[in-house]
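Q: I have a model open and would like to learn how to read its features one by one. Could you walk me through it?

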Amino acid sequence: MADHDEREVFRRHGAEGALLLGGGAAILLQLADPRVARGVARHSGFRERPLDRLLGTLDYVYAIGFGDDEVAADAARRVNARHRPVRGGATEDGPSYSAFDADAQRWVASTLLAMAFTVHERVWGPLDVVSADAVVRGYAPLGTSLQAAGSGWPDTRAEFDEWWAERVRRLEVGDEARTVARSLMSGTSALPPGSRVLLPPVRLLTAALLPSDIREAYGFRYTPRAERVAADWFRAISMLYPRLPRALRHAPMRASLRRARRRSRYAGHEPRGRR
């Protein structure tokens with residue numbers, strides 16, 4: 001498959017707003033790596049400004065995947081600036097951590113890809129092998145635009161699935177991960193007014209998307225009834241979502257790119273020290 005064709009396959013897949021249904025599960029999987037959990041717990045504003053942090057992550061993903069070279073480079077610079085102070089040494093309670101850790105960056109990117117595949121399969125069904133391989137390669141720049149080397153990223157869906165299964169077996173949900181997750185999923189964080197009404201279905205779909213061992217480690221009560229209700233939700237989404245106009249389905253991506261382009265356009269005019 002030619003490079004431009006692969007890029008188009010990735011973009012058709014990644015532009016779908018339904019993939020954001022996997023965002024909660026991706027975050028919890030990221031936190032199940034103790035290095036990531038420590039960095040988030042000690043340096044992130046998730047609990048105080050969850051929406052700001054989530055939008056920042058979303059804007060980076062779309063800028064790298066869909067923006068031009070200038071927008072992508074500006075997004076990477078901003079993330080690097082936020083990551084620079086996120087580091088700490090090992091203690092009795094946990095490992096050392098650094099937001100510049102290339103392996104941790106690959107792990108974060110891999111959670112987004114794994115959940116994108118999982119949501120796609122629940123809404124549209126499995127991707128064919130050629131398209132799935134193109135999507136795997138399309139996600140590589142999420143890590144390589146920062147510090148992760150491209151050589152550490154799988155080249156095919158089969159390679160990714162093997163790598164992913166091995167990494168999931170090594171995960172460890174610790175107290176820091178549970179604390180952040182509880183804040184995000186219980187409504188105790190500073191969520192916008194009215195948004196808490198969405199938390200019950202968000203928790204349910206997040207639990208449904210997580211590997212069973214990770215779900216149990218976070219303490220989700222995923223009963224047979226909950227599993228049936230989650231299946232009903234995904235069935236309804238799979239029937240209704242594909243019928244929505246493309247402009248509506250791609251609205252989150254377009255809104256995110258507009259924010260990224262505005263920031264990139266005015267980056268050169270910002271006072272020193274504010275980037």
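Q: How are α6 and α7 oriented relative to each other?
A: Keep in mind that this is a predicted model. For a helix pair, you take the angle between the N-to-C directions, and anything over 145 degrees counts as roughly antiparallel. Here the axes of α6 (residues 102–123) and α7 (residues 129–139) cross at roughly 155 degrees, so α6 and α7 are roughly antiparallel to each other.

Q: And what is the handedness of the crossing where α6 passes α7?
A: That crossing is right-handed. The two axes come within 10 Å.

Q: Let's move on to burial. Is α2 largely enclosed or not?
A: The idea is to go residue by residue, calling each one buried if its relative accessible area is under 20%. In α2, 8 of the 9 residues pass that test, so the helix is largely enclosed by the rest of the structure. The buried ones are G24, A25, A26, I27, L28, L29, Q30 and L31.

Q: Now salt bridges. How many does a search of the whole structure find?
A: It finds 20. For each one, look for a side-chain nitrogen of Lys or Arg within 4 Å of a carboxyl oxygen of Asp or Glu. D33 and R167 make one, with their closest N and O atoms 3.9 Å apart.

Q: Which parts does the pair of D33 and R167 tie together?
A: Check where each partner sits. D33 is in the loop between α2 (23–31) and α3 (34–43), while R167 belongs to helix α9 (residues 157–169), so the bridge ties together parts that are 134 residues apart in sequence. Both D33 and R167 are buried. They also belong to a network of salt bridges that links D33, R35, D101, D103, R106 and R167.

Q: Which residue does R259 form a salt bridge with?
A: Its partner is D59, and the closest N and O atoms are 2.7 Å apart. This pair links distant parts of the chain, 200 residues apart: R259 is in helix α15 (residues 251–266) and D59 in helix α4 (residues 50–66). As for burial, R259 is partly exposed, with a relative accessible area of 22%, whereas D59 is buried, at 5%.

Q: What about R78 and D74, which lie in helix α5: how many residues apart are they?
A: Here's the general idea: an α-helix has 3.6 residues a turn, so residues three or four places apart point the same way. R78 and D74 are 4 residues apart in α5 (residues 69–83), about one turn of the helix. They form a salt bridge, with the closest N and O atoms 2.8 Å apart. R78 counts as buried at 15% relative accessibility, and D74 counts as buried at 5%.

Q: How far apart in space are G143 and D103?
A: For a question like this, compare sequence with space. G143 and D103 are 40 residues apart in sequence and 9.0 Å apart in space, C-alpha to C-alpha. G143 is in helix α8 (residues 141–144), and its 3% relative accessibility makes it buried.

Q: Last one, out on the surface: which residues form a nonpolar patch?
A: V197, L198 and V202 do, with about 270 Å² of accessible area together. V197 sits in the loop between α10 (175–186) and α11 (199–209). The cut-off for exposed is over 50%, so V197, at 62% relative accessibility, counts as exposed.

Technical notes
Residues numbered from 1 in each chain as written. Predicted model: local features only at pLDDT ≥ 70, side-chain atom pairs only at ≥ 80, totals over all residues. Heavy atoms only, no water. Patch = residues over 30% accessible without salt bridge, like charges linked within 9 Å, V, L, I, M, F, W, Y side chains within 5 Å. Areas by Shrake-Rupley, 256 points an atom, 1.4 Å probe, with all protein chains shown as cover. Helix = DSSP H or I, 4+ residues; strand = E, 2+ residues; numbered from the N terminus. Buried < 20%, exposed > 50% of the residue type's maximum accessible area, 1.4 Å probe, protein only. Axes fitted to C-alpha atoms, helices over the stretch in contact; angles between N-to-C directions. Parallel < 35°, antiparallel > 145°, perpendicular 65-115°, else oblique. Left-handed = near helix turned anticlockwise from the far one by under 90°.
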